[in-house]
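Colleague: Got a minute to walk me through this one?
Modeller: Sure, let me pull it up.

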Protein chains: 2
Amino acid sequence: MRAKPADLKNLNAVARRARVSTATVSRVLNNINVVKNSTRLRVLKAAEALNYHPNLHARSLVHGTSRTLGILVSNLENPFFFDVYRALESAARARSYEVVVANTDYRSEQLVASIRLMMGWRVAGLAAIVSEMDSQLMRMLTGSRMPVVFYDVGVPSPNISVVRVDYRKGMKKIVEYLAALGHSRMAFVGHHSSLGPISERRRTFLDTVQRCSPRSRAQVVAGADGLEGGRQAARELLASGFRPTAILCVNDIMAVGVLRELRDRGIRVPEDVSVTGFDNIRLAEFCSPALTTAHIPRELIGRTIFEQLMAASHGAAKRQAPDAAARETLIDPELVVRESTAVAPKAPVAG
Amino acid sequence: MRAKPADLKNLNAVARRARVSTATVSRVLNNINVVKNSTRLRVLKAAEALNYHPNLHARSLVHGTSRTLGILVSNLENPFFFDVYRALESAARARSYEVVVANTDYRSEQLVASIRLMMGWRVAGLAAIVSEMDSQLMRMLTGSRMPVVFYDVGVPSPNISVVRVDYRKGMKKIVEYLAALGHSRMAFVGHHSSLGPISERRRTFLDTVQRCSPRSRAQVVAGADGLEGGRQAARELLASGFRPTAILCVNDIMAVGVLRELRDRGIRVPEDVSVTGFDNIRLAEFCSPALTTAHIPRELIGRTIFEQLMAASHGAAKRQAPDAAARETLIDPELVVRESTAVAPKAPVAG
DNA sequence: TTGAAAGCGCTACCAG
DNA sequence: CTGGTAGCGCTTTCAA
């Protein structure tokens, strides 16, 4: 005899107490409107009295799928990811889908493990808002025929859509803005240089600096994604001897870390050095000085991902052409100028 | 015929392809070491070839419970809650439990709905790291016999443990510290005044001010939990005409919002007014000025919650005395002095 | 309007 | 070492 950790009643118990069949109980609980009102009331009372909670596993087993969406994010602690998750969740909830989230910590094994788990849960769809990737993953996902939307990584395929932000364009706006302000020694603070989307931003930075102001000097440095990582990166940068007049960060959270280190060293922002972020998270407006950054519409991204997921499901259900839902959406970042940037200083800054 | 959104294979398909019974496939997949090696390999190859993913619902249905813990938090966006969640998750993962999180937005209907859902999933235990409560909830939970740990709210019962932070003590440390600095006009910035733990902090603030410096004036104001809420509360406070020399915030995130509004108005911190937070989240160290706050050990709380959950499960399994695991743990906050507090100014401050 | 019963995919027991 | 098979709790025909 197996130990049941919690002794929750089942349909049968309710049925017996209400003196009906399990079929009828099921009908009442699912609002199938054919049940006589007196019966329905009796069932409801019995369920209540027994503190009955339907076993969702049994339900999903019958249906072959659950009305649940799986969400994967690289770093939930970064408000950018969190905001996308929130938008996606509320869109899903509005259509009565549940969601389960998993944090991958930018680790592709973790991504794969979480996706496996969610496939095991037979989720109705998967949203991977991650920067990491795994070579076998696409094969596995394509084979599963499950609706999937990637943000930032992956390539479209019959059941896989992709939503991207045009980082190139965003980065270009920032670099051009800074170049116009007279900056000619710029540094880029990134993280996880091996990940596709991140290294793309780095490369784009280098390219754009090259094109916009060919005589500028550029330097790149990286830390972990987060406040502490930004601070570390700033330390490393300053230790390298390079004296930038502008520091461009891969995202806002790292920029706030950079700000902190600069303040510690008495380097004024933006008088001595300009700092920019990326994403335009809420904190960008609340830190001191407020960050100049590139706005990415997380709300829109979340909604878009949800819609693509729905489109894919319907496509599959209606047996449309296999690639009916396979799409690639491109989103445009917008420059937001605040207090952390200014005209480049004339003389080099003390370290 | 029902539409299967994704066509994932089942045990039977694998069994046929490997020319064995489903029982054997099951044994291989579960590492029951009685299977001949050649057979095992054949099964593994078949599973791989078919892109097989076991249906976890079926598995849980058989077991009657899933190796999953449910976590409920009031506001995942607040790093305090997030950190507790992370600690809990990593403790759980280390013992190979999965976790599912749900955000309640401080709304008790949402709390109840999420708990219902998780009970439906037959989670192995529930951790409610929330400030809101529902009168019927305790009854429902007690009746379920499921291991539950509450943080901050609820009362212990056979299957329910509670972990609390001694806010009274923490608040006392802050107020005494400020009183010693000569502050005699203090304000408290809270949120959701109707919630137990929050109103407790408010009341404690009032009491402590009363006792520590009876001639001090005190005022209370509230906003939403978050950066924006803190800023709003500060606006409201200043609009009220009250001119505090110290503003005590219910948590760090709101304190950062307060800092922002003060800076906008040219009110210097800590020269003109001192500001304190609570929780000691990472950001407290990275904002400007860095926050004086009360440290709450989230890591410890997360681990403690997990251990209580495990204790409760074992208690139930071993049929120990019903209340063997029912415990109340009290945790002590520590004052952390940084840059946002100083001696009270002599003259009132301009609004 | 209701009941009986056939599974959903998997595990675990009992035989062999 | 392996196979047959009885459920786990629920939904959904098919009959009544």
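Modeller: We can go through the two copies and then the DNA.

Modeller: This is a predicted model, where local features need pLDDT of at least 70, side-chain atom pairs count only at pLDDT 80 or more, and totals for chains, interfaces and linings use all residues. Residues are numbered from 1 along each chain as its sequence is written, with chains lettered from A and ligands numbered from 1 in the order in which they are written.

Colleague: What turn lays chain A on chain B?
Modeller: A turn of 180° with a shift of 0.0 Å along the axis, giving an RMSD of 0.0 Å (least squares on C-alpha atoms of residues with pLDDT of at least 70 in both). The two copies are thus related as by a two-fold rotation axis.

Colleague: Which C-alpha of chain A is nearest the axis?
Modeller: That of His57(A), 2.3 Å from the axis.

Colleague: How many residues of chain A are in contact with chain B?
Modeller: 48, meeting 48 of chain B; contact needs C-beta atoms, placed from the backbone, within 7 Å.

Colleague: Which helix gives the largest share of that side of chain A?
Modeller: α4(A), with five residues (helices are DSSP runs of H or I, at least four residues, numbered from the N terminus).

Colleague: Switching to DNA strand D: which residues come nearest?
Modeller: Leu11(A), Ala23(A), Ser26(A), Ala58(A) and Ala23(B), of the 26 around DNA strand D. Near means a C-beta atom, placed from the backbone, within 6 Å.

Colleague: And which element gives the largest share there?
Modeller: α2(A), with five residues.

Technical notes: Two residues are in contact if their C-beta atoms, placed from the backbone, lie within 7 Å. Helices (H or I, at least four residues) and strands (E, at least two) are DSSP runs, numbered from the N terminus.
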